[in-house]
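User: I'd like to learn how to read a few features of a protein model. Could you walk me through them?

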Amino acid sequence: MPIKKSELYTSLWASCDELRGGMDASQYKDYVLVLLFIKYISDKYAGVPFAPINIPEGASFRDMVALKGRADIGDQINKKIIAPLANANQQISQSDFPDFNDPVKLGADKEMVERLTNLIVIFERKELDFSKNRAENDDILGDAYEFLMRHFATESGKSKGQFYTPAEVSRVMAQIIGIRDARTSAETTVYDPTCGSGSLLLKVGDEAGTPVTLYGQEKDAATSGLARMNMILHNNPTALIKQGNTLTDPKYTLSETALKTFDFVVANPPFSDKRWSTGLDPLNDLYGRFHFGVPPAKQGDYAYLLHIVRSLKNTGKGACILPHGVLFRGNAEADIRRALVRRGYIKGIIGLPANLFYGTGIPACIVVIDKEHAASRKGIFMVDASQGFMKDGPKNRLRAQDIHKIVDVFTHQLEVEKYARLVSFEEIERNEFNLNLPRYIDTQEPEDLQDIAGHLQGGIPQADIDALQPYWDLCPTLRPSLFSPLPRGEGPGGRERPGYFQLSTSTLQLKHTIYTHPEFATFLADMQTHFATWRTKTAGTLKALGAGFAPKDLITALAEDLLAHYTDTPLIDRYDIYQHLMDYWAETMQDDAYLIAADGWRAETYRLIEKDKKGKERDKGWACDLLSKPLIVARYFAGEQAELERLTAELEAVSARLAELEEEEGGEEGALADLEKVNRGSVAARVKEVRGAGEKRGKGEEEKGEGEKRREGDEEMGELAVLEAWLALNAQESELKKQIKDAEAALDALAYAHYPTLTETDIQTLVVDGKWLAALEAAVQGEMDRVSQTLTGRVKDLAERYATPLPEMNAQVAELEAKVNGHLERMGFAWM
């Protein structure tokens with residue numbers, strides 16, 4: 001079975017995290033990611049001549065499996081697996097790998113053996129056979145590596161998670177530096193001076209239209225090893241990653257006094273590095289990086305930015321993630337900022353949401369550098385994207401729509417109110433070269449002001465109605481249908497009050513009035529037609545997919561087409577529509593696409609086999625990943641499903657009556673009160689007792705009076721009726737459960753037997769029309785409902801807010817107070 005991305009990622013993380021125990025995540029990740037790396041290169045390159053990675057005989061993952069359970073497993077992994085791999089490949093070294101024989105980290109003796117053995121078992125699973133993974137162009141393994149790194153970064157806590165730049169931020173940086181539209185080749189160079197695990201560098205490489213040459217430097221030895229492995233997993237085995245301190249010991253130089261320069265440079269350096277100058281004499285820097293000024297000794301942000309500027313060619317472009325403080329801090333940093341602005345090097349600044357990064361919660365920004373057009377630059381393009389994000393556990397995260405909006409606006413230099421604008425150098429100079437974004441972009445939303453006159457005298461203020469102008473622009477006659485001027489006599493002194501209105505319908509009828517208004521109904525119908533047009537066009541494209549297509553290319557094309565289709569649609573934010581598609585892709589469609597890319601349009605069922613702790617297998621039914629049972633049932637067995645639903649509804653009704661009877665008769669004097677347990681056996685036994693008691697009473701009737709006989713008989717008959725009613729309902733419930741079980745089994749068999757009869761066209765129709773596009777249509781309809789409900793909710797709020805003016809409210813209070821006082825006086829309470 002092909003690897004499903006979502007299952008691969010989550011199962012790997014769950015399994016590895018379970019085995020971690022008390023080990024620090026920042027250390028445990030090294031072992032997990034190395035095993036993933038060795039498994040991948042073994043599956044892909046073992047026995048392959050002229051492969052970019054050489055797997056020596058006896059040093060593959062298969063040989064590692066043979067070490068499971070051995071007392072010296074850690075030492076043997078070091079000597080027989082890692083050492084030969086490092087010796088056979090220039091790209092990697094022994095220092096890139098953690099020590100698999102470290103008792104401090106892995107535990108001693110039996111604990112180490114069990115932990116390493118269980119880790120190897122995780123990667124032995126059949127679904128992790130990467131040699132059979134045919135969707136190689138989509139970097140399933142590289143993405144899994146990144147997925148694990150992101151989770152380890154989340155678990156590692158402050159400072160220890162700095163090895164990883166969030167993928168969403170990396171995508172923004174990769175796209176805004178312009179490498180996609182540049183004329184690239186293998187000669188094009190991309191450099192990250194603080195590359196961490198290499199994710200940012202790889203994202204830039206992915207954006208290029210052709211393969212480019214990647215360079216990176218990382219201070220931490222273990223992290224630089226992760227970066228080298230990451231390059232190989234992402235099919236960039238020739239990328240050059242060097243270990244060392246970029247500021248004190250830059251590894252990419254042309255001479256002792258000249259840095260190597262690059263076409264593109266990106267970086268996410270440590271924020272406000274307090275030790276940046278240790279071992280460095282900035283005033284006498286060999287490479288001339290600080291001629292714009294020397295950063296403060298305890299604030300190294302500009303040291304990294306100046307290194308980037310010096311490392312760029314005269315036509316080079318770069319982007320660097322820095323804390324917001326670099327935009328406004330004074331003294332030496334202000335001098336450096338002024339010099340960079342005057343040289344025209346800063347093309348733009350993008351403010352990001354707080355709490356995105358794993359090493360810190362403070363807000364950061366992306367400073368975009370462009371040397372090529374520095375001389376002709378007229379200002380700095382500023383974007384405040386701080387409000388666009390989603391919560392993701394303890395961190396914030398950019399959504400797909402946030403990324404796309406940032407890139408669109410920045411790339412096309414679009415001026416968007418409260419979001420982005422080009423700020424002239426003259427304006428910046430008037431602000432003394434302070435680049436703090438709030439000085440130039442006001443992102444504050446207007447307050448929902450309370451109108452005092454409206455509260456005192458009644459009436460909805462015209463200003464609040466005017467604020468809904470986008471709706472009135474679309475539906476000009478809807479406004480007068482909802483609001484009318486206050487009639488004469490409603491204002492003070494009997495005069496009409498201009499600027500205040502009343503609702504023309506009741507709040508209960510408000511939704512109906514809006515939805516049935518001809519103009520609004522036309523808008524809703526037009527939007528449904530608008531989606532139907534895209535749906536029809538897209539269905540053909542999706543059904544034409546075949547084995548071997550690239551899923552990432554598919555979603556990119558689909559998303560761009562949907563985004564373009566919803567450009568300039570009224571009341572609908574096209575980025576919200578885009579987000580619905582991207583969410584559905586992540587939840588469902590991505591896995592389907594990879595299945596089709598691997599095997600074509602095949603809907604094959606498979607048994608769900610589970611093993612218990614003793615290793616005994618149990619058949620838990622069947623499934624089909626591409627076409628689930630409900631889709632088949634809805635399309636081909638609607639009648640059987642309807643009958644099953646009818647039986648289920650009938651069962652629910654009977655169960656409800658049974659529960660109601662038990663509730664009523666379970667009290668002290670109820671017919672079921674004396675039963676220890678209310679079940680069929682105990683109730684039937686009680687029926688037998690009651691009937692037996694009646695027969696006995698009949699034989700001894702002579703001694704009792706007529707009244708006592710009648711009373712006892714009535715009680716017994718009442719109890720018997722309740723008990724027999726319970727038994728009847730219980731029997732009906734049991735019968736219905738049996739019928740439902742039989743119906744479910746029959747329907748299950750019908751659906752299971754139908755899969756082999758499906759043609760490719762049937763599968764395409766069910767997946768594309770009945771699953772993918774139906775889900776997207778429902779999501780888009782939900783967006784339409786949200787737009788409609790926003791109008792309805794706001795109008796209702798305004799109507800209720802000003803429905804009761806102060807004099808009327810005071811009168812109501814006085815009336816209620818009088819009633820309360822009257823009640824108190826009648827009760828004998830009186831006071832002055």
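User: Which residues is Asp576 in contact with, leaving aside its neighbours within four places in sequence?

Analyst: This is a predicted model. In it, Asp576 touches Gln401, Glu783 and Arg786, once neighbours within four places in sequence are set aside. Asp576 itself sits in helix H22.

User: Does Asp576 count as buried or exposed?

Analyst: The cut-off to keep in mind is 20% relative accessible area, with buried meaning under that value. Asp576 has 19% relative accessibility, so it counts as buried.

User: How far apart are Asp576 and Tyr802, in sequence and in space?

Analyst: They are 226 residues apart along the chain, and their C-alpha atoms are 33 Å apart.

User: Now to helix pairs. How are two packed helices described?

Analyst: By two quantities, the angle between their axes and the distance between those axes. Take H21 (residues 551-565) and H22 (residues 574-599): their axes come within 10 Å and cross at roughly 155 degrees. An angle over 145 degrees counts as roughly antiparallel, and H21 and H22 are therefore roughly antiparallel to each other. The crossing of H21 with H22 is right-handed.

User: Which residues make that contact?

Analyst: From H21 come Pro551, Lys552, Leu554, Ile555, Leu558, Ala559, Leu562 and Leu563. H22 contributes a list that includes Arg574, Tyr575, Tyr578, Leu581, Trp585 and Met589. Sorted by class, the contact of H21 with H22 has 17 nonpolar residues, no polar ones and 2 charged. Here is a handy general idea for reading such lists: an α-helix has 3.6 residues a turn, so residues three or four places apart point the same way.

User: At what angle do the axes of H8 and H13 cross?

Analyst: The axes of H8 (residues 167-176) and H13 (residues 400-411) cross at roughly 20 degrees and come within 10 Å. H8 and H13 are therefore roughly parallel to each other. Their crossing is right-handed. On the H8 side, Glu168, Arg171, Val172, Gln175 and Ile176 take part, and they meet Ile403, Ile406, Val407 and Phe410 of H13. By class, this contact of H8 with H13 holds 6 nonpolar, 1 polar and 2 charged residues.

User: How many residues of H8 are buried?

Analyst: H8 is mostly covered, with 8 of its 10 residues buried. Among them are Glu168, Val172 and Ile176, and these three also appear in the contact with H13. After H8 comes Gly178, which has a positive phi near 85 degrees.

User: Let's try a loop. Where does Thr477 lie?

Analyst: Thr477 is in the loop between helix H17 (469-474) and helix H18 (478-482). Its relative accessibility is 39%, so Thr477 counts as partly exposed. Beyond neighbours within four places in sequence, Thr477 is in contact with His517 and Glu519. Glu519 is 42 residues from Thr477 along the chain, yet their C-alpha atoms are separated by 7.6 Å.

User: And the whole chain: how many helices and strands does it have?

Analyst: It has 28 helices and 18 strands. The radius of gyration is 36 Å, well over the 28 Å that the globule rule gives for 832 residues, so the chain is more spread out than a compact globule. The C-alpha trace spans about 125 × 90 × 65 Å along its principal axes. Of the 832 residues, 49% count as buried. Among contacts with a separation of 6 or more, 74% come from residues 24 or more positions apart.

Methods: Residues numbered from 1 in each chain as written. Predicted model: local features only at pLDDT ≥ 70, side-chain atom pairs only at ≥ 80, totals over all residues. Heavy atoms only, no water. Axes fitted to C-alpha atoms, helices over the stretch in contact; angles between N-to-C directions. Helix = DSSP H or I, 4+ residues; strand = E, 2+ residues; numbered from the N terminus. Parallel < 35°, antiparallel > 145°, perpendicular 65-115°, else oblique. Left-handed = near helix turned anticlockwise from the far one by under 90°. Contact = heavy atoms within 4.5 Å. Nonpolar A, V, L, I, M, F, W, Y, C, P; charged D, E, K, R; others polar. Rg over C-alpha atoms; globule rule 2.2 N^0.38 Å. Buried < 20%, exposed > 50% of the residue type's maximum accessible area, 1.4 Å probe, protein only.
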